[in-house]
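Colleague: I am new to this structure and would love a close look at a single part. Could you walk me through one sheet and what packs on it, then add a short tour of some helices?

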Amino acid sequence: MLWFLKKKENDPDREALERFHTDFGLLQQRRFSAVDADSHSCRVKRGALSLELHKKNVFAWVPADLYQYRDFSLEATVSFDRENGHSAGGFIFRFINNENFYYFLVSNAGAFRCDVLFNGHPLRLIEWTPTPLLIGDRHEVRLIAHGSQLSFYVDQEWIGEIDDDKLLSGRIGVAGQNFNEEDRAEIRFHRLTIESRPVRVEKEYWRWARYVPAEPGARVALGRTFSAMGNYAAAAVELKKALKHDPTNEEALFLFAVCAVNLKLHDQALAALDRLLGQNPGHGQAVVEKANALYLANEFLKARDFIRVNIDRFADAATLWNLLGNCEHALGNWEKAAEAYREAGLREPEMPLYFANRARMLEKCGRPEEALADYLKAARLLFRQEAYDDLSLIMTRLTALAPESDEALGFEAKMLFHENKRTEAKPILEKLIQGGATDSALLYLSGLIAVDEGRREDAAGLFARAAEIEPGYALYWWRLAECERLLGRDYEKELEKARQLAPDDPWVNNLAGLERLDRGDERAALASFAKARAGAPRDIDILINYSDVLHRTGKKEDALALVEEELEINPNAHLYNHKGNLAVREGDYRRAAAEYEKAIKAAPDHPLYMENCAAACLEVDEITRAEELLLKLLDGRPTASVYNLLGNLCVVRTEYLRADYCYTEGLRLEPGNRDLVLNLASLALERSQYDKAKELIEAALLGRPTEGRTEERALTLQKKLRDKFETQYRCDGCGREWWVRRDVESSEGGKIRGEPPPESPAGQCPACGRIWCVGCARAHLKDNRFVCAGCGEFLKLQDHRLRRLVLEYLNRAEPSSFSPQRH
């Protein structure tokens, strides 16, 4: 009945036209719910909204609970905790969701920036731009959004602006970023005012963005940032505004000219440069830029004459000589162009462009040999600088001028390798190496191809030859050491050489960690991996090795935290797989299966992740999922380990014939695989196949493998076999043991001739029942026959099992001149 007395419910997503103010006091509206996440937390405390960042290299944001805003003016007081390292704080605005919003940040290092996250892709609007206004820990910050015009102010002074219309409305919130100096940072927001009433916003916009003058230096700083970003139009606008208030500003004049040249506004560029050179005729960069502007404006004669007038004053300016060459070329003076390019190359010998330009001129002048020499110089420089796109352009000329040149062929092979055309690169490399090539890079690339093809022995030889030719290059020694390690050979000398040449190289330190881990020195390995990670903090393989050793040394929480931190930035399938491996080590197969599923989601159909997941699923009786994964793997290229898991699955389902087939197929692919051998032995034991089980167990124990769990399992199966099928005999002298099948058939009597080896049974005493081996019985002979050392009775082989043992030893024994008889 009293509907008119009911309070209207707020729609949190409505577009608000209001003035909202809060000092975050006890009884004031706050509009920010408390947040407590792993990376950050946000709550009101001590009269301010506090955003705490709990990790290094984290960017976090918290949108307000209420309302969207289109055009607005925002004012706030922002401060940084004095214990912070390098950090930044500010606001998100026009926030639609976590994939679409603007953010504006000011840092305690004296800079600001503004970007937009649009459909999950970060787009740079204003890169970090320094300003002297951001000195200190506390500042008044203002942000005005007026249509597509966004402008920013600190302590009542203009610092920047940008025009962008990707997002037109959304919520407002707070944001913070902690960089790599401290583990935590805190940004406080002491008061916040939002004005979104249209008339008021219009008034604020015209007052601050149009009438209050900006310092020319601030506009020059912003223009500098825009120019460096390649946003020349925005830079030109800011620089023009700066020049309106400070027309003699040399940096503004020069930057404006650069922007105008890039915008093809050559007349404006030349006007600005003339003003600058009128003030400062010795401005070398302006001289070069004017010559460039004249050349790009197709004023070749004017450009040439201008350069000739000034080149004596700037004789070391290689760029001027190159521009002179360009002008002479445009005017058809090829010999003069070639000479100018030569002068440029003499002044800047590491610039391949000058040599390529001269080579083209020399070709036109009919001097192909000299042209080839310059093309080769350019090619060497481009390859060293990894400028492969430019190198590909030169390759066409090299091939045309010298199709049989070894060096040209070498560059062709390098280009093919870079383009991942290794099949085409391989025969060229082999031809050059067989011809006695002394370019270490060719040997190295050939070695990498050999590694890809599984020819590690060949690869080691190629890496060794490369290191011999260029012994001061750490990369070759590192690759050689890695190859030797994977071949199971000693590699300490090669690794030490790499460490001497590149002690801070992350991959060298990573290999050093693996070497120390191979030796069982986990503490030293941990130090090496930590150093490797410091040199390559974003490398996944190094991170995995580091966290693995942390986990091995009992620092499980640190290991998992390291992986989780990286996953927040980079949800990499390899990392999820690694988390699964760590869970397996802890015996938590259910957690392992969940992590492997995440890896599969991130990299569908990856065989290793599917195989690991299937193995974990078998451990927790998720048979259906395991079967689904294994059958999918079977449709591809099944490996021995896939067949092994399929065999295990069949054993669980008591499908023993299928299990036998799977294990046998696995051994066909990988003969000697001990896991498969023992699984097949266990299956044979289960099916009472004594001879097969015994043969497989003995094969697994042959040579006593170093894998402790494998040996332990083989010994367990051996005990199970003996308990189920065999009888034990023991030598009363030395304690030697024999095991023989319990149900062995009795053999006929008669004499056994020949000499068994010392480990064979010699016989059993019929009086006292003691058993002796040949080795012990040799010391007790009577009438050239073995007798019992205890009671002196002749030893007999009346027990058919003992007789069977002796016959087995005789079948394996070599003939001997000493042949005592036994009955």
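Modeller: Happy to help; here is the sheet, followed by a helix pair and one residue elsewhere.

Please keep in mind that this is a predicted model. The sheet is an open one of 6 strands, and reading across it gives the order β5-β14-β7-β8-β9-β10, with antiparallel pairing. At its edges stand β5 (58-63) and β10 (121-130); each has a single partner strand, so one side of each is left without a neighbour in the sheet. On average, neighbouring strands here are turned by 20° against each other, direction ignored.

Now zoom in on one pair. Strand β8 (residues 100-107) and strand β9 (residues 111-118) run antiparallel and pair over 6 bridges. Within this pair, Tyr103 stands opposite Asp115 in β9. Helix α2 (residues 216-229) packs on the sheet, where it touches β9 and β10, and its direction makes about 140° with that of β10.

Next comes the helix pair. The axes of α24 (residues 589-602) and α25 (residues 607-619) come within 8 Å and cross at roughly 155°. With angles over 145° counted as roughly antiparallel, α24 and α25 are therefore roughly antiparallel to each other. Their crossing is left-handed. Residues making the contact include Tyr589 and Tyr596 of α24, and Tyr609 and Cys613 of α25. By class, this contact has 11 nonpolar, 1 polar and 2 charged residues.

Finally, look at Asn545 in helix α21 (residues 540-552). The side chain of Asn545 makes a polar contact with the side chain of Asn510, at 2.8 Å. Leaving aside neighbours within four places in sequence, Asn545 is in contact with Asn510, Leu514 and Phe529.

Methods:
Residues numbered from 1 in each chain as written. Predicted model: local features only at pLDDT ≥ 70, side-chain atom pairs only at ≥ 80, totals over all residues. Heavy atoms only, no water. Helix = DSSP H or I, 4+ residues; strand = E, 2+ residues; numbered from the N terminus. Polar contact = N/O pair within 3.5 Å; in protein donor to acceptor, adjacent residues only side chain to side chain. Contact = heavy atoms within 4.5 Å. Axes fitted to C-alpha atoms, helices over the stretch in contact; angles between N-to-C directions. Parallel < 35°, antiparallel > 145°, perpendicular 65-115°, else oblique. Left-handed = near helix turned anticlockwise from the far one by under 90°. Nonpolar A, V, L, I, M, F, W, Y, C, P; charged D, E, K, R; others polar. Pairing = 2+ DSSP bridges.
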